[in-house]
Amino acid sequence: MKHIALLTSGGDAPGMNAAIRAVVRTGLAKGWDVFGIRHGYAGLISGEIVPLGARDVGGIIQQGGTMLGTARCPEFKTTVGRVKALSQLRRHGIEALVVIGGNGSQTGAYALSQMGFPVVGVASTIDNDLYGCDISIGVDTALNISLEAIDRLKVTASSHHRAFLVEVMGRECGYLALMAAIAGGAETVIIPEEETDPEAVATELRAAYNNGKAHAIVVVAEGARYNAEGMALHFQVHKERLGFDLRVTKLGHVQRGGTPSSFDRLLGTRLGAAATEQLAEGGYGVLMGLLKGEITSTPLTEVTANKKQLDLHLLELARVLAL
Ligand code: ADP
Ligand code: F6P
């Protein structure tokens, strides 16, 4: 093995830079040439491939985002797109690829490995919806940002006797919403995994009001059938029945742009270094992720065939704790 490359793909996640730095420096330490691919699979198809030295990845571990850039690239989902990508890899003499990204990105990595190219994935997405890891790069930071916002909203909510619908990210997965609700002491949580009747939420808000609470927080995952705006629209009819006055705050991309927490820096570093080790051992076609506290490799075939399940017992716990 002499030449390896790495890319970041899909939604950026705080801690991706730590993973980039670790892949580059552990690769260089093995005497390999390491190449960075800009803008995910889009840059792979168009050949934006640059050599990376140790100094190129200096001063990035403390920065959110990804110094390589990332992209959503529909063309890579097609065989034609992947054939173009493969020919770029061959043209640059790349022998193996590290893909740092979430569910979609690892599906792409698997497709490439099915075409015979050596690939190792690194689990990275704030959604925490990737099979093969208990927690992926970026989740801890995004959750902490959500909590900071919820803590602040509670202060102003209490002053005005208001309820807030706080929308957090999570296209298809309610992990961030559920954890933010539990750790933020929310009254209610709405997630895509369980359909929520807006009238049940109205009843819960009224009960919180009647129980003498000074505020109420409803954490809503963006991918839920009723997102925050949808829920607020529903409550427009007889909104005085809620007891509280109602406001909506959508956290959006603020959650992704934060400074990586110590957890995400260490996780990114460990997973990046493990990916290099995996390449050195010739164990391709796997995802590196943290499972039961250990850095573990899971075949991409398994990762892409399974859906990570949210522990719905925690949803019940969130409800009990909101008494
Ligand atoms: P994430 O990796 O954060 O889940 P996306 O789901 O947007 O983000 O996926 C990122 C990229 O991975 C897509 O833009 C596409 O280039 C690639 N990808 C997603 N699904 C597939 C697929 N089924 N086959 C090949 N590539 C895919
Ligand atoms: O997959 C991560 C994520 O942040 C999702 O939670 C969210 O739905 C999506 O990315 C937003 O994508 P974009 O940055 O392309 O708007």
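In these legends, Asp, Glu, Lys and Arg count as charged, Ala, Val, Leu, Ile, Met, Phe, Trp, Tyr, Cys and Pro count as nonpolar, and the others, Gly among them, count as polar. Please keep in mind that the model shown is predicted.

**View 1. Meet the residues around ligand 2.** Going along the chain, the neighbours of ligand 2 are Arg 72, Ile 126, Asp 127, Met 169, Gly 170, Arg 171, Glu 222, His 253 and Arg 256. Sorted by class, this shell holds 5 charged, 2 polar and 2 nonpolar residues. Domain 1 (3-138 + 260-305) and domain 2 (140-257) each supply at least three residues to the shell around ligand 2.

**View 2. Side chains reach the oxygen atoms of ligand 2.** Look for the side chain of Arg 72, with an N or O atom 2.8 Å from an oxygen atom of ligand 2. A polar side-chain atom of Arg 256 also lies 2.8 Å from an oxygen atom of ligand 2, and for the side chain of His 253 the distance is 2.9 Å. On its own, ligand 2 would expose 390 Å², and the protein buries 78% of that.

**View 3. Backbone atoms meet ligand 1.** Here the backbone takes part: a polar backbone atom of Cys 73 is 2.6 Å from an oxygen atom of ligand 1. For Gly 104 the backbone distance to an oxygen atom of ligand 1 is 3.0 Å, and for Gly 102 it is 3.1 Å. Taken alone, ligand 1 exposes 550 Å², of which the protein buries 82%.

**View 4. The wider shell of ligand 1.** There are 16 residues around ligand 1, and Arg 72, Cys 73, Gly 102, Gly 104 and Ser 105 come nearest. Helix α4 (residues 103-114) gives the largest share of this shell, 5 residues. By class, the shell has 9 polar, 4 charged and 3 nonpolar residues.

Note on methods
Residues numbered from 1 in each chain as written. Chains lettered and ligands numbered in written order. Predicted model: local features only at pLDDT ≥ 70, side-chain atom pairs only at ≥ 80, totals over all residues. Heavy atoms only, no water. Near = heavy atom within 4 Å. Polar contact = N/O pair within 3.5 Å; in protein donor to acceptor, adjacent residues only side chain to side chain. Areas by Shrake-Rupley, 256 points an atom, 1.4 Å probe, with all protein chains shown as cover. Domains from an automatic or database assignment. Helix = DSSP H or I, 4+ residues; strand = E, 2+ residues; numbered from the N terminus.
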